[in-house]
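Let's take a friendly walk through the places where the parts of this structure touch. Please have the sequence and the 3D view open as you read.

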Amino acid sequence: MKLKLHVWRQKDRQSTGRMVAYDAPNVNPEMSFLEMLDVVNEDLTGKGEDPIAFDHDCREGICGSCSMVINGVPHGPSKGTTVCQLHMRHFTDGQDVHIEPWRAKAFPVLQDLVVDRSAFDRIIQAGGFISVNSGSAQDANNLPVAKADADHSMDAAACIGCGACVAACKNSAAMLFAAAKISHLGLLPQGQPERRRRAINMVKQMDLEGFGNCSNQYECEAVCPKEISVGFIARMNRDYLSSSIFSKETGSTSKSED
Amino acid sequence: MGWLRQTTDSSIGGKLIVAVTGLAMVGFVVAHLSGNLLVFGGPQAVNSYAEGLRKLGALLWVARIGLLVMATLHIVFAIKLNLANRAARPQAYAVKTYRRASFASRSMLLTGLALLGYILFHLAHFTFRATSPELAALGEYDVYQMIVLSFQQPLIAGLYIVSMFLLGLHLSHGVSSLFQTLGFNHPKYRNLVGSIGPFLGVLLALGFSSIPAAVLFGLLK
Amino acid sequence: MNLDAKIPAGPIADKWTNHKFDMKLVNPANKRKYTVIVVGTGLAGGAAAATLAELGYNVLNFCFQDSPRRAHSIAAQGGINAAKNYQGDGDSVHRLFYDTVKGGDFRSREANVHRLAEVSVNIIDQCVAQGVPFAREYGGLLANRSFGGAQVSRTFYARGQTGQQLLLGAYQALERQVGAGTVKMFARSEMLDLVVENGRAAGIVVRDLVTGAITTHAAHAVVMATGGYGNVFYLSTNAKGSNVSATFRAYKRGAGFANPCFTQIHPTCIPVSGDYQSKLTLMSESLRNDGRVWAPKKQGDKRPPRDIPEVERDYYLERKYPSYGNLAPRDIASRAAKEACDDGRGVGESGRGVYLDFAAAIERQGKDVIEQRYGNLFQMYDKITAENPYEMPMRIYPAVHYTMGGLWVDYNLQSNIPGLFVLGEANFSDHGANRLGASALMQGLADGYFIIPYTLGNYLAGISRDPVKADGDAFKSTKSDVEVRIGKLLGSKGKRTVDSFHKELGLIMWEKCGMARNKAGLTEALRKIPELREEFWQNVRVLGDKDNLNQSLEKAGRVADFLEFGEILCADALTREESCGGHFREEYQDQGEAKRDDEHFAHAAVWEYQGEGKAPKRHTEALTFDEVHLATRSYK
């Protein structure tokens, strides 16, 4: 089948970009979306035009690298799927396909469809961990964890940090990402000692990075390739508010973005 | 008090204030409607209710100031959050498709601002009676006549009905949403909570609109 | 080349304990005076960087991905082994050690493997403490499952994404140190060369993948945890970015490359669907716990699988290996699949596939149980193939997955270049000629959390604490080499794309040096690869410029290295005239079973670079087996 692509092209961080149209004449329905772009890029290179830059790595839906908005939806039309596992059988011959990068102030475009997501790393640095040095742990089975809690924690831990939640949110909010980490650790007994501090510090860093606020529209959950529940955002709100208002924890002084 | 500043400056703290003030105003709106519906009990019922309210004296002022503070905080924080939200996406998408967001949730700012405009008019009209000499001439507690005279004008009645439906739309998202903001979202109650907003929104819109409708249809005169 | 493995004396079970005591320590106040470079942020690199920083060293950590959390360890699905014996089914450190040596077909170093088995138990403790949400039983204790090559249940798992959960544990520990300022993180930064100064690893040359800036970084020691080289085959289960460049550059600076021909072909991957295919997707080995592998008995049987009656199906693993059945080790299961397909009994469009069938398991245990165990894997299969594995058996075929070969290291994980340490898949040490399932995660974390923190300290305690500088001649000349090479890649102005060369190389490697190898094929590959490399440098087209993000340039550099490395891999396969583990030479077999030649090949082959255009030199490190006696591996 044939497709008409409209792709955001931007030379570098400083340049202004624009949408450019390309034909994708030989699309096999069994291809993945990224393989379709590979073929387009081979053609472009043959013609002496710069290929379209996009982040990708594992191509099996777990590394969280791939990041593009397809016809207005992060990761495209299939539910619970990353772009790398989106197959062309979900498109129809002659369709117009608009491909844009994640758009958020906190995710500046580096080139074409490639954005800088280091803000997520800084949110984790602010508290997305359990402080336990290597070698200091007790025997793993000394700490039973109810299966339901472990499973619930795992539901949150499934986040691959791709940033689709930010891309989908009309406010470019990172609530689902932050909530997933706060809940993953907060649901486990190991995560309790730092639970309050974690919530305060991670939210503070998230705000500093320039992400927007939550309007409870749940677009994030709708596009999340791991289908992480917005219930975790409620949980984060609860953790944050109770920590801020009722505990002695004030959080650490924030680190500025370098 | 650093913690208070830190909390209210934060994204989640800001939402908390919008949610809590919104909840307080929902309480007011429900009470207001209950009072208004006394109009169906005839002039005596509604007028004596109004008189009773006025005679609360200092307590009335506490309520009024409280309401004013709630409304101001609600508006100020909603606008502040909204500006931050706009700043968070400097470059818009060429194509944007919504998967889940309801129409109500996407129009909160518009419905909110429209309601603010209407409330100002509403206060000028019914509370200060500054919009027409006819109302200004009525007795202090003759609320019944004021209602009937006003809503006999289709323009006033129409504006009121439209505004009450905007209120319903605003609350249909706002009320369900405030549970999430306050941290209550449990799979067992998710559907229930999700339907409280729309249910309350429709109920209030219909309740309020019943009065001008009744006047227009000549049931109240 | 000095290949002294420095194995500590004493009984095998005491070696590591004694060695830990014998090694020198660095006083806490002095630790921050040492700068350590860690390249890579996967399980080995991330764990090492975090742990070294916790200890107080000043760590510089590099990864080419946009975030350290995306290193390819993340894609491991099935699980991680540990000799906890929580199931009380007869497991022990010794048994894990034994299984691993035997599984590796007697081509690994006993002392290393024993240490790996010892620390495996600490890994689980550490990960649980970090908040890794392992699967649990209703009683709250950890759950286990079985994996290939073992008759005990010792595999810990977190749904089908154990790799991601373990990596997030290491990543979180790493980010904690980045936040504390003890690790300086360089993401989107690719190591392009190793700097060797006065015979010691002194630093690295790095390209900032966003700005294109080439920078040099100096350190007291360099730790490389840069993964495997499976992408030399183009199609593999590796991430697209996985490459040999870092280890190959180190090789060209004098580090020995050991056993490159030991590559693992994973038996359960989704078959190739067309020539646009960019990578292969693994279906976790854990599926073989409940899935039964079969092919039709009749050649060219094109009936839908459900229409083939039971008696006309060949459950070949159960038939050939009754005691391990569907849980035979990877190399054996892969070869058996190839054999069935070569015999004309393959399924699917291409005829390169066999069935992995869950019908019996679903009938026995119910769909719910199977869904709970493998739901996400089934979903992934469905997404890719548009076939529902609850109703139709999966079609699977072997694919390149892991590489046991890597830079040669001694017991301390130090290469033959002093100050260069190599961890995880990038080194050669622990898996011999075949890696058992769920052991890669174990090795990566063992190296990073529990071994390098000791052995690196021992090295550092013996060298000067003076601050290091990246301004010596060695730094300047290495940096200039890198710049010249980039200039050459961009300047060639040819006609063919980088990918077209990579695909062609991959095809040569897969056909001549894949699941089965022979002298004629390897000789042919050794003729074709240099020709292709020649053409590459003449005719490759790399667009864009060097001072900007340039993905074509990144790929070109990696493929250029694969084009050289592929030759060494084939040369190693040609000179190893025996079959063992993943290395199967058709000339050396016993009715389809690998036939080892312990008399001549019970050694690690280590390749030494001899200069441009010269054949590399082959050295050997003899392997002795005192604990696990050399025997023909049998899973029958």
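The side chains of Glu221(A) and Arg100(B) form a salt bridge, with 2.8 Å from N to O. A salt bridge here is a side-chain nitrogen of Lys or Arg within 4 Å of a carboxyl oxygen of Asp or Glu. Between chain B and chain A, the rule finds one salt bridge.

Before going on, note that this is a predicted model, in which local features need pLDDT of at least 70 and side-chain atom pairs count only at pLDDT 80 or more, while totals for chains, interfaces and linings use all residues. Residues are numbered from 1 along each chain as its sequence is written, chains are lettered from A and ligands numbered from 1 in the order in which they are written, and side-chain values use heavy atoms, leaving out hydrogens and water.

**Chain B against chain A**

How many residues of chain B are in contact with chain A? There are 37 residues of chain B in contact with 54 residues of chain A, where contact means heavy atoms within 4.5 Å. Ile12(B), Arg99(B) and Arg100(B) lose the most area to chain A on the chain B side, together 18% of what that side buries. Buried area is the accessible area (1.4 Å probe) that two parts lose on being put together, summed over both.

The two chains also share 35 residue pairs in polar contact, both residues at pLDDT 80 or more. A polar contact is a pair of N or O atoms within 3.5 Å; within protein, one must be able to donate a hydrogen and the other to accept it, and residues adjacent in sequence count only if both atoms are side-chain atoms. On the side of chain B that touches chain A, the largest share, five residues, comes from α2(B). Helices (H or I, at least four residues) are DSSP runs, numbered from the N terminus.

**Chain C against chain A**

Which chains have the most contacts among the two pairs that touch? They are chains A and C. Here 78 residues of chain C are in contact with 81 residues of chain A. Arg70(C), Tyr276(C) and Lys383(C) lose the most area to chain A on the chain C side, together 11% of what that side buries.

The count between chain C and chain A is five salt bridges. In a salt bridge, the side chains of Asp55(A) and Arg188(C) meet at 2.8 Å, N to O. The rule also finds 46 residue pairs in polar contact across this interface, both at pLDDT 80 or more. Helix α6(C) gives nine residues, the largest share of the side of chain C that touches chain A.

Chain B and chain C, by comparison, have no contact, and their closest C-alpha atoms lie 20 Å apart.

**Inside chain A**

The domain assignment of chain A, which is automatic or from a database, gives domain 1 (3–111) and domain 2 (118–246). Their contact takes 19 residues from each of the two domains, and their C-alpha centres lie 29 Å apart. Between domain 1 and domain 2 of chain A the count is one salt bridge. Glu227(A) and Lys79(A) meet in a salt bridge through their side chains (2.8 Å, N to O).

**The buried areas**

| Parts | Buried area | On carbon and sulfur atoms |
|---|---|---|
| Domain 1 and domain 2 of chain A | about 1300 Å² | 62% |
| Chain B and chain A | about 3700 Å² | 50% |
| Chain C and chain A | about 6300 Å² | 48% |

How values were computed
Helices (H or I, at least four residues) and strands (E, at least two) are DSSP runs, numbered from the N terminus.
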